[in-house]
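Work through these short exercises with the structure open. Try each task before reading its solution.

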Amino acid sequence: VSSLKKVLDGIPISLADFFTLDLAGDATDGPYYGAEDLPDVGNNDIHYFLVGKRRGNRQMCILREVMPPGTDTGDTMLSHDGEEGGVIIQGQVEITVGDRVKVLGPGEAYYFESRTPHRFRNVGNTDAIIVSANTPATF
């Protein structure tokens with residue numbers, strides 16, 4: 001996947017655009033999206049439903065994330081260019097940013113510089129739902 005991302009960066013096309021490319025689909029996009037219009041670009045049992053998949057030259061990525069109980073973004077901390085933020089809609093999510101760790105619940109939010117190593121983990125016993133955004137678009 002990392003090799004594919006390097007190739008796509010040279011085109012340029014995001015991984016999400018590559019995996020959701022619909023050459024025969026509707027050429028217009030938005031401004032409204034039904035649940036069926038949000039492709040799941042997730043991995044590791046976490047679902048990332050992407051808003052605006054066919055919008056050309058997206059400057060940000062907006063996701064509805066669904067994390068089943070016990071899931072996390074992996075043992076390796078994530079780090080990438082840009083900023084990201086989100087609001088917990090449901091559940092309990094442990095968020096590690098650098099050496100800071102906090103469990104957030106419904107209505108609580110986060111916002112940080114994405115180069116800082118970070119990780120997300122559902123520590124509750126129900127699905128955690130997050131609405132998040134990051135820039136530049138990584139999906």
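Contact here means heavy atoms within 4.5 Å. The model is predicted.

**Exercise 1.** Find the strand that holds M67, then decide: is M67 buried or exposed?

Solution.
- Step 1: M67 lies in strand β2, which covers residues 61-67.
- Step 2: The relative accessible area of M67 is 0%.
- Step 3: Buried means under 20%. M67 is therefore buried.

**Exercise 2.** Which residues does M67 touch, leaving out those up to four places away in sequence?

Solution.
- Step 1: M67 touches I46, D72 and V93, among others.
- Step 2: Its contacts also include F120, R121 and N122.
- Step 3: T126, D127, A128 and I130 complete the list.
- Step 4: Now look at N44, 23 residues from M67 along the chain. The C-alpha atoms of M67 and N44 are separated by 9.6 Å.

**Exercise 3.** Place β2 in its sheet. What is the strand order, and which strands stand at the edges?

Solution.
- Step 1: The open sheet has 5 strands, in the order β1-β2-β8-β3-β6, with antiparallel pairing.
- Step 2: β1 (47-50) and β6 (109-113) each have a single partner strand, so they stand at the edges, with one side lacking a neighbour in the sheet.
- Step 3: Neighbouring strands of this sheet are turned by 20 degrees against each other on average, direction ignored.
- Step 4: β2 pairs with β8 (residues 128-135) over 7 bridges, in the antiparallel sense. R64 has V131 in β8 as its bridge partner.

**Exercise 4.** How many aromatic pairs does the structure hold, and which residues do ring pairs link into a cluster?

Solution.
- Step 1: The structure holds 3 aromatic pairs.
- Step 2: Ring pairs join Y110, F112 and F120 into a cluster.
- Step 3: F120 is also one of the residues that M67 touches.

Definitions and conventions. Residues numbered from 1 in each chain as written. Predicted model: local features only at pLDDT ≥ 70, side-chain atom pairs only at ≥ 80, totals over all residues. Heavy atoms only, no water. Helix = DSSP H or I, 4+ residues; strand = E, 2+ residues; numbered from the N terminus. Buried < 20%, exposed > 50% of the residue type's maximum accessible area, 1.4 Å probe, protein only. Phe/Tyr/Trp six-rings, centres within 6.5 Å; stacked < 30°, edge-to-face > 60°. Pairing = 2+ DSSP bridges. Axes fitted to C-alpha atoms, helices over the stretch in contact; angles between N-to-C directions.
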